[in-house]
Amino acid sequence: MKKLFFSIFFQCFSLMLMAQNAQIKGKIVGIDQLPIEDVLIQSKSAQAVSDKNGNFLLQVPKNQRVAIEISHIKYIKFRQIIDVLDQNIELRIVLQEKEKILDEVEIIAEKNREEVSTISLDPTKFKQMPVPFNDIGQMIASLGGGVFSNNELSSTYTVRGGSFDENLVYVNNIEIYRPFIVRAGQQEGLSFVNPDLVKKVEFSAGGWQSKFGDKLSSVLNIEYKNPTKFDASGSIGLLGGTAHIEGLTKNKKFSYLLGFRQKSSKYLFNTLPTKGQYLPVFNDLQGFFNFDLTSKNKRNQFQKTNLSALLSYAQNRYQVVPQNSVTDFGAFSSQEASYLRLEVGFDGREIMNYDTWQGGLNFSHRFNEKFVTNLIFSGTKSQEREYIDVESAYRLGDVNTNSASGDFGKLSNIRGIGSLFSYARNALNSTIFSAETRNEFFINDQHQLDFGLKYTNENITDQINEYSFFDSADFTSNTRRLFTDLNLQSQRMMGFAQHTIRFKKASQLLTYGARFNYWDLNGEILFSPRLQYSIKPNWKADMRFNLSAGMYHQPPFYRELRNFQGELNRNLKAQSSLHLISGLNWNFKYAGRPFTLTAEMYYKSLQNVIPYDMDNVRLRYYALNNAKAYVQGIDVRVSGEFLKGTESWFNISLMKAEEDVEDDKNPDGTSKGYIRRPTDQRLTFTIYFEDHMPNNPSLRVNVRVLYGSGLPFGIPNNPNGRAIFDGSDYRRVDIGFSKIINLNEIRAEKGTKAGHPSNLWIGLEILNLLGANNKISYLWISDFNNNQYAVPNTLSQRFFNLRAVLQF
C-alpha cells in the first residue's frame with residue numbers, strides 16, 4: 001500500500017513540474033550538416049550535452065524569456081533568447097567553426113611538418129599556460145623538442161646543447177637582441193615579445209632554411225597581428241599587469257596595435273634564499289602600425305603596397321638591498337657525509353638600470369601575383385648601467401644533526417669565517433642599425449625563389465670599473481680587478497638565396513639555398529649551404545619524413561669578443577656547426593581523437609668553438625677559437641587531444657654535448673680530451689596538460705611539468721677546473737586553475753544588449769607546486785684550511801599567483 005501511495009505521489013509531482021517547465025529539444029550540426037557531439041547547451045537554470053547524433057533535451061521554465069548558450073571548443077559560440085510559451089520547442093542549430101584560427105593552425109601545422117625541427121605554438125595558450133610573468137621564453141621552453149630552461153626567472157632557454165646567445169629571435173622580420181650585462185635572471189626585464197600582440201609563433205630547433213640568419217642553435221619567428229576589428233584587453237596579477245588595444249579605421253587603410261606591460265616580481269623574489277628589500281620595476285610599451293598604401297585606381301588587382309612600423313621602449317630598473325641568507329648543503333669534497341651551513345650578512349645595495357629602444361619600418365610591395373618585395377629598416381639602442389656596493393660577512397660550519405642534542409639544527413663547528421666586498425660602476429651603450437631587402441618570386445605552383453640582402457652597422461662602447469676582494473682569517477686577497485674603456489665599431493654584410501620545389505607526382509618538398517656573411521672587423525667571409533627535403537609516402541598512414549643538412553656559422557658578437565680580462569680579441573673567427581637531422585611526423589587517431597607523433601635524431605659537429613663559463617644567465621667567454629665540439633641526440637614528442645577538446649603534449653629528449661679544448665690538462669699533465677659542455681643536459685622531459693570540466697569547458701586546469709638532469713659546473717676563473725662536478729637535477733611543476741565568465745551571457749539573461757567588456761578570465765596559479773629547491777649557480781667559499789666548498793644558489797620557491805584578464 002505504501003509503495004502504491006509513493007508511486008502515485010511522485011507521478012503527480014512530476015506532472016506538476018512538467019506543467020511548470022517546458023522542453024527545448026533540438027539537433028546541433030555543422031555547416032556540412034553533420035551532427036556535432038559533446039556540445040554544451042546551457043541556460044541559467046539547466047544544462048545539457050549533445051549526443052553522438054547531435055540531439056539534446058533541455059528543461060527550462062515555462063512562460064519566461066530564456067537565454068541559452070551553445071558552446072564547443074572548436075566552434076564559435078551561439079547565443080539565442082527564446083520566449084518560452086509552449087511546452088515543447090524544437091530547434092536546429094548550425095555552428096560555425098572558428099575558421100580563422102583553425103585554418104591558420106592547420107596551414108602552419110602542415111608547413112611545420114614539411115620543415116625539420118619546426119614547432120608552432122597557438123597564441124591563444126599564452127594566457128592559459130602557468131608560467132611566471134606570462135613570458136614567451138618560458139612557453140617556448142615548455143614545447144620540448146630539445147628546448148629547455150633551468151631558470152624560471154629568465155626568458156633565456158637552451159636548444160640542443162647550445163648557449164643562450166645562439167638563438168635567433170625575429171618579430172615581423174626584425175631581429176631582436178638580448179641585454180649585454182645582465183648577471184642573473186631576476187635582473188632581466190620583460191622579454192621583447194608581447195603575447196597580447198602575437199598572431200603566429202614558429203620555432204625551429206635546427207636545420208632551418210637559408211632565409212633565416214647566422215646563429216648555431218635555433219630560430220624563433222614571431223608575427224604580430226594585423227587587426228581587422230576593435231579589440232582590447234587588460235590584466236592584473238601579483239606578478240604584474242598588461243593592457244592592449246587594437247583596431248582598424250573605417251576605410252580599412254590603417255590598423256593599430258598597442259601593448260603595455262609591467263612586470264612586478266617583488267613578491268616572487270621574496271621567496272629567494274637571499275632576503276632583503278627587492279625593488280624591481282620593469283615596464284614595456286610597444287606599438288605596431290600598418291598603413292595600406294594601395295591605390296584603388298590600379299588596374300592590376302594583384303598590386304598591393306603596405307607600410308608597417310614596429311616601435312618599442314623598455315625601461316628596466318632593478319634594485320636590491322640584501323640583508324642575509326642561510327644555505328644548508330652537503331660538502332662536495334668531504335669523503336664522509338656532512339651537513340653544512342653558510343650564514344651570510346650583507347650591507348650595501350645593487351642597482352641595475354637599462355633602457356632599450358627598438359624600432360623598424362617594413363615597406364612591402366606586391367608587383368603582381370608572382371613577385372613581392374620587402375624593404376626593412378630597423379634599429380636598436382640600449383643603455384645599460386650597473387652599480388654595486390655590497391659587503392658581505394659569512395661563517396661556514398657544520399650543522400648538528402643529532403636530534404637528541406639540545407643544539408639540534410644549530411652550528412656545532414665553525415669551519416671558516418670571512419668577508420667579501422664587491423664594487424662595480426659599469427656602463428654599456430650600443431647602437432645597431434640594419435637595412436635589408438627580402439623578396440619572394442613565385443615562378444609557378446611548383447617553384448618559389450626567396451632572396452635578400454642585409455647591411456648592419458654596430459657601435460658599442462663599454463666602460464668597466466669593478467673589483468672585489470676576499471678577506472678570510474686575516475688574509476686579504478684582491479680576487480678580481482677590472483678597469484677598461486672599450487669601443488667597437490663594425491659593419492656586416494649578409495645575404496641569402498633559396499629555391500623551393502614542390503613535386504606534383506608525389507607529396508615532396510625540396511628547399512636548398514645558401515647564405516653569405518662578411519664582417520669587416522676580422523675580414524672573414526662565410527658561406528653556408530643548406531638543404532631540406534620532405535616526403536609524404538602514399539601510405540594509408542599519414543606520415544611525413546624529413547631530412548636536413550647544412551652549415552651554420554655564428555660570427556662573434558660583442559660578448560664573445562671580450563675575455564675575462566676585459567680585452568677584445570678582434571681576430572676572433574666565427575664558430576661553425578654542421579647540422580644533420582632526420583625526422584618523422586605521424587598524424588594518427590586514437591579513440592577517435594587526433595594525435596601527432598614527432599621523432600627526430602640529430603648530430604652537430606662544431607669547429608672554431610669559443611669556450612665559455614655559465615654563471616646563472618651570464619656567459620663569460622674565453623675569446624679564443626681553441627675548441628671543437630659535437631652534439632648528438634634524439635627528441636620524441638606526442639601531442640594531441642588526450643582529453644577531447646583539449647591540446648596537450650609529452651616530450652622526452654636524450655642528448656650528449658661535449659667539447660675538446662686545446663691545452664686543457666689533467667693534474668698529471670695529460671690532455672683531458674672531450675669534456676661536458678656547460679649546457680650538456682643528458683635527459684629532459686616536458687609535459688603540458690589541459691583539462692576542463694566535462695559539461696563546462698569554461699572551468700579549466702593547465703599543468704606544466706619540467707625535468708632536466710644536472711648540468712656540469714666547475715671552479716670559476718680556472719680553465720682546467722671546468723665541468724668537473726655534476727649539478728643537481730631541475731624539477732618543476734606549475735599548475736593553473738581558471739574560469740571564463742561570459743559577461744554578454746549575463747547581459748542576455750537580464751534582457752540587455754551585448755556590450756563591452758565581453759569576457760572575464762580569472763586564474764589561480766601555483767608556481768613550483770612541489771616547492772623544489774632548484775639550484776642555478778654556485779658560490780665558492782674557503783675554510784680555515786683553504787679547502788673550497790661549492791655553496792648552491794637556489795631559485796624561487798612555491799608561489800601563489802592570482803591573475804584576472806578582462807577582454808573587450
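Which residues does I460 touch, not counting residues up to four places away in sequence? The legends below start with that residue. The model shown is predicted.

**View 1. I460 and the largest nonpolar core.**
I460 touches F180, L428, N429, S430, L486, N487, L488, F557 and Y558, leaving out residues up to four places away in sequence. I460 belongs to the largest nonpolar core, which has 39 residues. The residues with the most contacts inside this core are F180, Y318, I460, L488, Y558 and L561. Several elements give two or more residues to the core. Two helices are on that list: α4 (266–269) and α5 (558–561). The strands on the list are β20 (304–330), β21 (339–366), β23 (411–442), β25 (475–503) and β32 (618–621). Another core, of 33 residues, lies apart from this one. Among its residues are Y157, I174, F203 and A205. In soluble globular proteins, nonpolar side chains tend to be buried together.

**View 2. An open sheet of five strands.**
The strand order is β8-β13-β14-β11-β12, and the pairing is mixed. The edge strands are β8 (118–120) and β12 (174–175). Each of these two pairs on one side only. Inside the sheet, β11 (residues 167–171) pairs with β14 (residues 218–224) in the parallel sense. Five bridges join this pair. V171 stands opposite I222 of β14.

**View 3. Strand β17 and its two partners.**
In a regular strand the side chains alternate between the two faces of the sheet. Strand β17 (residues 254–263) shows such alternation. S255, L257, G259, R261 and K263 point to one face and are buried. F254, Y256, L258, F260 and Q262 point to the other face and are not buried. Strand β16 (residues 240–248) runs antiparallel to β17, and nine bridges join the two. Here I245 stands opposite L258. The hairpin of β16 and β17 has five residues between the strands. In this hairpin K252 takes a positive phi near 60°. Strand β19 (residues 281–292) also runs antiparallel to β17, with ten bridges between them. The bridge partner of L258 in β19 is G287.

**View 4. An open sheet of three strands.**
The order is β4-β1-β7, and the pairing is mixed. β4 (55–61) and β7 (88–95) stand at the edges. Each has a single partner strand, so one side of each is left without a neighbour in the sheet. Neighbouring strands of this sheet are turned by 25° against each other on average, direction ignored. Strand β1 (residues 21–30) pairs with β4 in the antiparallel sense over seven bridges. A22 stands opposite V60 of β4.

**View 5. K25 in strand β1.**
K25 is found in β1. Is K25 buried or partly exposed? K25 counts as partly exposed, because its relative accessibility is 35% and the range for that label runs from 20% to 50%. Leaving aside neighbours within four places in sequence, K25 is in contact with F56, L57, I89, E90 and L91. K25 and N55 are 30 residues apart along the chain. Their C-alpha atoms are separated by 7.4 Å.

**View 6. Aromatic pairs that link distant parts of the chain.**
A pair of aromatic rings is described by the distance of the centres and the angle of the planes. The whole structure holds 31 aromatic pairs. Why is the pair of Y224 and F288 edge-to-face? Their ring centres are 6.4 Å apart and their planes are at 80°, and planes over 60 degrees apart count as edge-to-face. Y224 lies in strand β14 and F288 in strand β19, 64 residues apart. Both residues are buried. F371 and F441 form another edge-to-face pair, at 6.3 Å centre to centre and 75° between the planes. F371 is in strand β22 (residues 371–399) and F441 is in strand β23, so this pair ties together parts that are 70 residues apart in sequence. F371 is partly exposed, with a relative accessible area of 23%. F441 is partly exposed as well, at 31% relative accessibility.

**View 7. A ring cluster, and charges over rings.**
Ring pairs link W586, F588, F595, F642 and F650 into a cluster. Elsewhere, K263 lies over the face of F133, at 4.3 Å from the ring centre. R492 lies over the face of W519, at 4.0 Å from the ring centre.

Definitions and conventions. Residues numbered from 1 in each chain as written. Heavy atoms only, no water. Core = buried A, V, L, I, M, F, W, Y, C linked by side-chain atoms within 4.5 Å. Buried < 20%, exposed > 50% of the residue type's maximum accessible area, 1.4 Å probe, protein only. Helix = DSSP H or I, 4+ residues; strand = E, 2+ residues; numbered from the N terminus. Contact = heavy atoms within 4.5 Å. Pairing = 2+ DSSP bridges. Axes fitted to C-alpha atoms, helices over the stretch in contact; angles between N-to-C directions. Phe/Tyr/Trp six-rings, centres within 6.5 Å; stacked < 30°, edge-to-face > 60°. Lys NZ or Arg CZ within 6 Å of the ring centre and 35° of its normal.
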